[in-house]
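Q: Hey, got a minute to look at this structure with me? I'd like to go through it bit by bit.

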Protein chains: 2
Amino acid sequence: MNEDTLQQVQDLLEDGKPKPELHARLERLHAADIAALLEALPLEERLAVWNLVKADRDGEILVEVSDAVRESLIDAMDPRELVAAAETLEADELADIAPDLPESVIEEVVQSLSAEERERLRAALSFPEGAVGALMDFDHVVVRDDVTLEAVTRYLRRMDELPDHTDQLFVVDRDQVLQGTLPLARLIVSDLDRQVRQVMLTESVKLYPQDRAEDAAGAFERYDLISAPVVDGSERLVGRLTVNAVVDYIREKSAESQLAEAGLREEEDLFAPVLDSFKNRWAWLALNLVTAFIASRVIGIFEDSIASLVALAALMPIVAGIGGNSGNQTTTMIVRALALGQIHGGYWRKLLRKEMGVALLNGAIWGTLLGAMAYMFYGNVALGGVMALAMMLNLLLAATMGVFIPWVRARLGRDPAVGSSVLITACTDSGGFFIFLGLATLFLV
Amino acid sequence: MNEDTLQQVQDLLEDGKPKPELHARLERLHAADIAALLEALPLEERLAVWNLVKADRDGEILVEVSDAVRESLIDAMDPRELVAAAETLEADELADIAPDLPESVIEEVVQSLSAEERERLRAALSFPEGAVGALMDFDHVVVRDDVTLEAVTRYLRRMDELPDHTDQLFVVDRDQVLQGTLPLARLIVSDLDRQVRQVMLTESVKLYPQDRAEDAAGAFERYDLISAPVVDGSERLVGRLTVNAVVDYIREKSAESQLAEAGLREEEDLFAPVLDSFKNRWAWLALNLVTAFIASRVIGIFEDSIASLVALAALMPIVAGIGGNSGNQTTTMIVRALALGQIHGGYWRKLLRKEMGVALLNGAIWGTLLGAMAYMFYGNVALGGVMALAMMLNLLLAATMGVFIPWVRARLGRDPAVGSSVLITACTDSGGFFIFLGLATLFLV
């Protein structure tokens, strides 16, 4: 949605009371644009707009908005409206919003579904977020391999329109076992007398519902796919994955990792009540408080040294801080390479060697610079030397932990991105204070 | 590429000398998979594999790899090989790798191009990265609006195959002005006697070469597009944008912002020489060094206070650290909302009020907790009080700056993500030390 639309809608909403033109304006907007608009409005205005949206578009829009905003919209609807909205959705869409719907609403909707749809909903709900099964839809068109393209064309022509993102038809046998795929582009340029079997592709990518969505996204990216068949363990076609589901997934993942970096657990409604925001953020702050507290106790050990040479207090955050920055660079690079599947058994040692090399170079340069500055400010050569040496050692520690932490997490099968930054900073803070103050205690006090 | 492939290739590469089977193994891999493989191999092994790749796939693979790896591959090729590789590419692909090719190679390749291809290359190179013009390709199929679908079908059948991602044909008039689009799915289900004009869509999305790629990606995501026509100022068709280019763009952007967060300026070759890594990372460390140095000087002002109450040295990093974490949460959320176009003039004040509310709540809770801990460890009530108050004030500072910094950057038209984190941390570090030590000097010393 562009900013003009938002501005126009706001003008039509002045004083909280929607003007009559607003209704017409909303009618002309695509459901996805209304969703974007609702995201950008504070709660009161958001609900004013939501009430103006035609009931038959409610379902579609609920699928499009973020989890946080969906909650605020659902809170404002009564069960009857929710059932009506949910009934306009297909099984895969319903599965997306089911976790946010009241139990009673879901029960009522399920009863109205056909047996096939109910089975699809059950299947879609049975896969965890992040599995292909949770992203697939059921809008595939299937044909048999022993018919002519002429017959396929006639069959397609009987449909009013093909489902979105139909770039290929799936060829199955009597038992729904996938035989191949027939791209529309191929159907169009081929001789109509030929049989599907002669024209179909048999080597195309296929997915399983339990495949990781991340890997599927990689396949879509590498092989430039628009849709791919999803088959079960007996190679029976159960659904398809389309590039639009993949794009949504990639966007969501990228947002999540961006937010996780700052310890925001999920997408926060921009205009959430203070208490909701607090709940989303407190855990991260608490975790950081623990590590800060540990670092503080490390400093506490050396209070006597600080008392006798107070310059140490002013210089110690520099050693700790640069170590943290440098360690985070190492970890960020490695976590990314891991996500791309670029690091393999024997390479860890090679990587560690390289990172140690970078750390030595950094340590030589920044250590010398900071040592010289410490000497300039405090006129104490030994202090400068300790500063330089501490800098070097903390950078080496940062490089080691920057490789080691993602390595351990990858070994344990945990997502190496989550929390790596807080762990590395904890090491370089406490370690940096310990190294610097320890060296100072040995050589200066 | 999965890990098994990497493992197999490594086994076939043992002792640096490629075994004969490796050649056959590579033959069977998709160009994109070979690219992924090259990314994951250390330089020596990478070049060994690269030498085994058939020359006619060189160009394709160079387009797929990251900038850093492409450089290492190009360095290992002589000009004749480069010209041969580049000549297998289309204009839009050539434009992607042109910045990495030696001047002389480009000149030679340009001479071999047709006038049309040369014009396309010029056009593609004239748009900045991040513009639709730099992402578009020229593989569109055009038809006139006054022919029958029968004629269109016959025309298509004369082609051997349609270009990748052809989900729709573009309808143009005699002057190449775009009239509408004809989706293949629509072509297939429609009566062949009808004219293109009667069946085509006239309201579909179209893009301009100077449009921001980010906005185009948003449109692809919202409207679930597979391809979109790109037109110039006179509505003449100049190219098309496909979803695969959009997916690549989104992935690249997300990687970039992930790397930028840690101050890595560009994708670093995992096995880059130490000096290259240093060059990619030093600027960020230098910037952080400056802010750490300023914070150190702030502490320096209060050295007398620290000398007389050394507990201050141990407690001050906690105040600064939690402020930084909290400020980064605020900024991360706002930067994301800005990128989605969700924040609008009047909302800034509302946002600031909300963030101040969250800060007050955080301050009350963590301030009390830390004040109590300071009292426990040092048996000094006043110290506990100063700790709690400093915590509260620094969190309010963090909230204010967390809103203010992205606001200023958005006003100035700069990308608000870049460097926000280092700025906010600088404020909360120096500010935190100043607040805590200043209060301590007033009330305790």
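**Helix H4 and the chain pair**

A: Sure, starting with helix H4 (residues 43-52) of chain A: A:Arg46, A:Val49 and A:Trp50 are buried there, meaning 20 or more other C-beta atoms, placed from the backbone, within 10 Å of their own (exposed is 12 or fewer, partly exposed in between). Helices are DSSP runs of H or I, at least four residues, numbered from the N terminus. This is a predicted model, where local features need pLDDT of at least 70, side-chain atom pairs count only at pLDDT 80 or more, and totals for chains, interfaces and linings use all residues. Residues are numbered from 1 along each chain as its sequence is written, and chains are lettered from A and ligands numbered from 1 in the order written.

Q: Why do the buried residues of H4(A) line one face of the helix?
A: Down the axis of H4(A), they fall within an arc of 105°, so they line one face; the arc is taken over directions from the helix axis to the C-beta atoms.

Q: And which residues are exposed on the other side of H4(A)?
A: A:Glu44 and A:Asn51.

Q: New topic: how many residues of chain A are in contact with chain B?
A: 95, against 94 residues of chain B, with contact meaning C-beta atoms, placed from the backbone, within 7 Å.

Q: Which helix of chain A gives the most to that side?
A: Helix H19 (residues 311-339), with 15 residues.

Q: What rotation superposes chain A on chain B?
A: One of 180°, with 0.0 Å of shift along its axis and an RMSD of 0.1 Å, by least squares on C-alpha atoms of residues with pLDDT of at least 70 in both. That's the relation of a two-fold axis.

Note on methods. Two residues are in contact if their C-beta atoms, placed from the backbone, lie within 7 Å. Helices (H or I, at least four residues) and strands (E, at least two) are DSSP runs, numbered from the N terminus.
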